[in-house]
Amino acid sequence: MKILIIEDDRSLCEVIQQSLEKERYIIETAADFNSAAMKTAIYKYDCILLDVMLPDGSGLELLKKIKAENLQENIIIISAKDSLDDKLSGLNTGADDYLPKPFHLAELNARIRSVVRRNSGGQNHIVFGNIKLQPNNFQVFINEKLLELNRKEFDVLHFFINRPNRLLNKEIIAEGVWGDSVDQADNFDFIYSQIKNLRKKLQTAGATAEIKAIYGIGYKFIEL
Amino acid sequence: MTLSTKIFSQILVFFTAIMSVWAVVFYFVIMNEVRDETDDYLQIYAQQIITLHNAGSDIPPQKVVSNNSYVLRQISQKEAQNLPHARFFEEEIYIPVKNETEPARTYQTIFGDTEGRFYLLKVSVPTVETQELQFSIISAISILIVILLMVLLFVNYFVFRREMKPLYALLKWFRNYTIGQKEAQTPETHTNISEFKHLYEAVSSGVKKNEAIFEQQKQFINNASHELQTPLAVCKNRLEMLLDKENLPENEVMEIAKIENQIDKIIKLNKTLLFLSKIDNQQFIEKVEINFNDLITDISADIQEIYAHKNIHFEIENNGIFQLYMNEILAASLVSNLLKNAFIHSFDNGIFFVIINSDKLVFCNSGKDSLDKEFIFKRFYSAGSKENSSGLGLAIVESICKNYSLKIDYEFKNSNHFFTIQNP
């Protein structure tokens, strides 16, 4: 899969590139409006990460241009301006997702996967090991056998299955599953108890993946 | 005390004092003049009698003119030597016609005739008329003072009201003025009074300067926060990549995780500051009808789960439907910040009640000490410095309330914190 990163900050561009290359994507980069416009005109990408503020133009303008040429790329806007206006006009112009800076690489990865999956059509489930998760009807199958999960357990599994093989600390998990209201929590026992139950259920059902605790920092979803 | 009361009471005091002094002086001058006239008259009268008497003519009988009277009697030489030659005095005289005594002004003199006999002559004129005159003068002066005072106050009142209009207009403008609100232009006036012109100019330029500084400050916070996003993203993502590396020793992973934690805190802080500046810039425009009863129930479910370890007794008391037409994001932020605040700052096993009435929301939770009402809504104020408290939650709450003209109050009663939001 080929991804174009349009980002003027070299350091950030480099980290994103390294992180995505680890996922075995083919990465191209562009640091300004003109080179980005040229690349999108010549090549075809599966996904474009687009920074809104570019030194010689607005990312939103580029987005309009790409959409006007009726290119079928998946576009995720990454912006330092976490503003609703930008988000709305971006999504209205045809962006597939909007990710405010600063973000987690794991989060970016998850967004790329879900955008590509959404737009590739047909496949509306996520598979990891022998686990199959269907986001639209909140069902999880292990070896094609339905696994009963409560709402929070499903959310936690959904969060992990979108971010496999990544070390996720408790804060990220809490924020991803419980939302912004957790930001001042001083105790993450509530995550621990949900994950404990989920692990037990996965194990009993014979899943070939597990949520592994890492040194009390967080967890990693890995295939056995 | 208003300016008009102050001015009018001063006018009243000074004017009354000055007029009183003037009235007293006026009265004595007039009365003195009257007495002098009387005395002159008495002297002339006495002189006539003496002349007539010494010429041997008939003296007009006393009773002809009832107002004037005289007594003429012969005295011994010795008596004449002991008595003063001439003097004026007040005395009670008997008036046979009226058969009563009346106060009178008397002139007493001693004279001798050609045959060496001495006489004592007393001529008197009743002072009743003088008393009447006194009364007339006093009442006339009093009426004059009262009328003058009324006219003065009346005229002053109207002049004051008309000429002070620009001042009151300015005060009214100031009452409604809040810094940073675009629609509040500088005040305008069409006065030709130079003091007011200068005052308006001073206020206008002061306001413009303040607005500019305020705008700069807002811009600075906004820009600084924005500019921080990218470097923060780079730091965070590099640490993340480091953490994902295999075969990293445990203690190093722990250290990196701690650094990442701190960076997350900076990111959170930065985001919150941006959020605050967006609220202040009124960038949340879309509004919908929000039912706070449902909103509080929804948000509290998650928060309760997060703070379950504190074992706080939480209850929502629905006495009415609290509904507002406002932005969804801001409504959620308002509620979640107040709920979080209470959960964070309640001690373990404490209580937390949310009471919803149709016109107000009350958040009541147990606490140890009263918070400082003055600073509690200020940015970065945190009592007892909780490690995970940003010190911005209540500042956000206040900002949102201000945006929607909601009244927020804090009180500490019976070991409970009360946060009340009132819809006026």
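This is a guided tour of selected places in chains A and B, in the order in which they may be selected in the viewer. The structure is a predicted model.

**Stop 1: chain B as a whole**

Select chain B, which consists of 424 residues, 39% of them buried. Colouring by secondary structure should bring out 9 helices and 11 strands. If a surface is then displayed, the exposed area of chain B comes to about 25,000 Å², and carbon and sulfur atoms supply 57% of this area. How are the contacts in chain B distributed along the sequence? Among contacts with a separation of 6 or more, 69% join residues 24 or more positions apart.

**Stop 2: helix α1 of chain B**

Next, select residues 3-55 of chain B, which form helix α1. Within this helix, highlight E37(B). Is E37(B) buried or exposed? It counts as exposed, because its relative accessibility is 51% and the cut-off for that class is over 50%. Now add E33(B), D36(B) and D40(B) to the selection: together with E37(B), these residues form a negative surface patch.

Move to D39(B), which also lies in helix α1 of chain B. D39(B) has a relative accessible area of 9%, and it is therefore classed as buried. Which residues does D39(B) touch, if those up to four places away in sequence are not counted? They are F88(B) and R105(B).

**Stop 3: helix α5 of chain B and its contacts with chain A**

Select residues 194-244 of chain B to show helix α5, and then pick out E240(B) within it. E240(B) is buried, because its relative accessibility is 4%, under the 20% limit. Leaving aside residues up to four places away in sequence, E240(B) touches F103(A), H104(A), L105(A) and A106(A) in chain A, and E260(B) in chain B. For a distance to display, choose the C-alpha atoms of E240(B) and I256(B): the two residues are 16 apart along the chain, and these atoms are separated by 8.6 Å.

**Stop 4: a loop in chain A**

Finally, turn to chain A and select N130(A), in the loop that links β8 (126-128) to β9 (131-134). Why does N130(A) count as buried? The reason is its relative accessible area of 16%, since buried means under 20%. Residues up to four places away in sequence aside, N130(A) touches F141(A), I142(A) and N143(A), as well as G206(A), A207(A) and T208(A). Of these, A207(A) is 77 residues from N130(A) along the chain, yet their C-alpha atoms are separated by 6.1 Å.

Definitions and conventions: Residues numbered from 1 in each chain as written. Chains lettered and ligands numbered in written order. Predicted model: local features only at pLDDT ≥ 70, side-chain atom pairs only at ≥ 80, totals over all residues. Heavy atoms only, no water. Patch = residues over 30% accessible without salt bridge, like charges linked within 9 Å, V, L, I, M, F, W, Y side chains within 5 Å. Areas by Shrake-Rupley, 256 points an atom, 1.4 Å probe, with all protein chains shown as cover. Salt bridge = Lys/Arg side-chain N within 4 Å of Asp/Glu carboxyl O. Lys, Arg positive; Asp, Glu negative; His and termini not counted. Charge placed at Lys NZ, Arg CZ, Asp CG, Glu CD. Helix = DSSP H or I, 4+ residues; strand = E, 2+ residues; numbered from the N terminus. Buried < 20%, exposed > 50% of the residue type's maximum accessible area, 1.4 Å probe, protein only. Contact = heavy atoms within 4.5 Å.
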